[in-house]
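Reader: I would like a close look at how the helices pack in one part of this model. Please take the contacts residue by residue, and then follow the chain towards its end.

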Amino acid sequence: MISPRAAGCCHGLRRAPLRPRLRLLPQRPSWKPSLSGRGLATVTDGDVEKARQYCENQLKHGDYEAFLLRQFVPPSSRDAYNALRTLNLELARLPETVSNPTIARMRMSFWRETVNSVFAGNPPREPISILLHQAIQDLKARAGPSSASSLKFWLLRLINTREQHMENRPFVSLNSLEDYAENTYATLMYMILASTPLRSVHMDHLASHIGKACGIVATLRGIPVLAAPSQPIQGPAGSVGNTRHPALLLPLDVMAEVGVREEDVFRHGPNAEGLQDSVFKVATRANDHLITAREMLKNLKAGEEVGHDYEHEGEQEHVYSSGGADATQADIKRGFGALLEAVPAADYLERLEKADFDPFKVKASWKLPWRLWRALKTQHI
């Protein structure tokens, strides 16, 4: 079982036993927008529908959990969800698909320029950009330009953070892993809430804890993939090198504490001494965040205080107007679909525990669709 250990701002909360896929994306299908030129002067309904189908197909084959979750966000936010999660896939797989870090940085620069073009109303002829453009135009029509500005801030933060970590270096500490998760997975949740639009200190606070858990879980899921030898790149004359070197992203402070070595994991995989102990410690922190989010949600539904402050309140895009208990209940109801990101994370942690914290032996989940339906029906995560 996961040992009781407080996470971040959550000291003092009672910890419970741990209850509760990294997929390679398929080859990208061809994309043929209806207009020529660098940008689309006019985005047609046909362009948007093609872009929507493209993004949904990418999620279905590359991030099946997001493919399931997209149906639970409000219909008005679904295009934004599809575009943002597909972009996240593009960014996450860069280290796996390019052999030269310079090319990866160029791709990151391309996406930054693309974001600026999309928010300027001139999306490039690329499906993610077209669907994101459509979502932004809808958001501006519903809520005004301020919500779209918030979305741009979060999106650029996601790209910048992905770029900082694209070389797959180990995290210095468990706290640095949490910061990464805050700036990626929690940020994705902030964007979905902003696209609703929903600005709530309590919903962002819940998203922060859930997003940190999701980011930590993603790191654990990646161990069997990243620690394995990469496949060689084949050229006309034969092999021209590997796409990457093996990597282990577990925090260095945790690895040092339990005595696990990267080289041992690369050579011996699940038999490396200390690997399961280090995974256990990292999984504990993810589980702590999920337990905290559940207790917060329970308290908020009962009209009580959450018990601790939101550490990011007052930062850019985390400034809120005051609202009463009735507003909080309405916010939870409107934004609950975004909180369902907690369910796949909890599902993985449960399977990891059953595998005795050996990430190489975690079995696939067949209960997730049912667990998502149950969570939505009961309004519990």
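Author: What follows starts with helix H6 and its two partners, moves to the nonpolar core, and ends with the last segment of the chain. The model is predicted, and the values below are computed from it.

Two packed helices are described by the angle between their axes and the distance between the axes. Take H5 and H6 to begin with. Helix H5 covers residues 101-119 and helix H6 covers residues 127-143; their axes come within 9 Å and cross at roughly 35°. The crossing of this pair is right-handed. On the H5 side the contact uses Trp111, Thr114, Val118 and Phe119, and these meet Ile128, Ser129, Leu132, His133, Ile136 and Lys140 in H6. By type, the residues of the H5 and H6 contact are six nonpolar, three polar and one charged.

H6 also packs against helix H3, which runs over residues 78-92. Here the angle is about 145° and the axes are 8 Å apart. The crossing of H3 with H6 is left-handed. From H3 come Asp79, Ala80, Asn82, Ala83, Leu84, Thr86, Leu87 and Glu90, while H6 supplies Ile128, Leu131, Leu132, Gln134 and Ala135. This contact between H3 and H6 is made up of eight nonpolar, three polar and two charged residues. Ile128 and Leu132 of H6 take part in the contact with H3 and also in the contact with H5.

Leu155 ties into this region. Setting aside neighbours within four places in sequence, Leu155 is in contact with Leu84, Leu87, Val115, Phe119, Leu132 and Met191. Of these, Leu84 and Leu87 belong to the H3 side of the H3 and H6 contact, and Phe119 belongs to the H5 side of the H5 and H6 contact.

Leu84 and Leu155 are also among the residues that touch the most other members of the largest nonpolar core, together with Leu220, Leu250 and Leu339; the core has 105 residues. Helix H8, residues 174-194, gives the largest share of this core, with 12 residues. In the loop between H8 and helix H9 (201-221) lies Pro197. The peptide bond joining Thr196 and Pro197 is cis, with omega about -10°.

On cysteines, the structure holds zero disulfides. Cys55 counts as buried because its relative accessibility is 0%. Cys214 is buried as well, at 12%.

Now the end of the chain. Asp356, in the loop between helix H15 (342-354) and H16, has a positive phi of about 60° although it is not a glycine. Gln379 sits in the segment after H16. Phi of Gln379 is near 60°, again positive in a residue other than glycine. With a relative accessible area of 24%, Gln379 is partly exposed.

Ile381 is found in the segment after helix H16 (368-378). Is Ile381 buried or exposed? Its relative accessible area is 14%, so Ile381 is buried, the cut-off being under 20%. Which residues is Ile381 in contact with, leaving aside its neighbours within four places in sequence? They are Ile210, Ala293, Arg294, Leu297, Phe336, Leu339 and Ala342. Leu339 appeared above among the core residues that touch the most other members. The C-alpha atoms of Ile381 and Val343 are separated by 6.1 Å, although the two residues are 38 residues apart along the chain.

Conventions:
Residues numbered from 1 in each chain as written. Predicted model: local features only at pLDDT ≥ 70, side-chain atom pairs only at ≥ 80, totals over all residues. Heavy atoms only, no water. Disulfide = S-S within 2.5 Å. Buried < 20%, exposed > 50% of the residue type's maximum accessible area, 1.4 Å probe, protein only. Core = buried A, V, L, I, M, F, W, Y, C linked by side-chain atoms within 4.5 Å. Helix = DSSP H or I, 4+ residues; strand = E, 2+ residues; numbered from the N terminus. Contact = heavy atoms within 4.5 Å. Axes fitted to C-alpha atoms, helices over the stretch in contact; angles between N-to-C directions. Left-handed = near helix turned anticlockwise from the far one by under 90°. Nonpolar A, V, L, I, M, F, W, Y, C, P; charged D, E, K, R; others polar.
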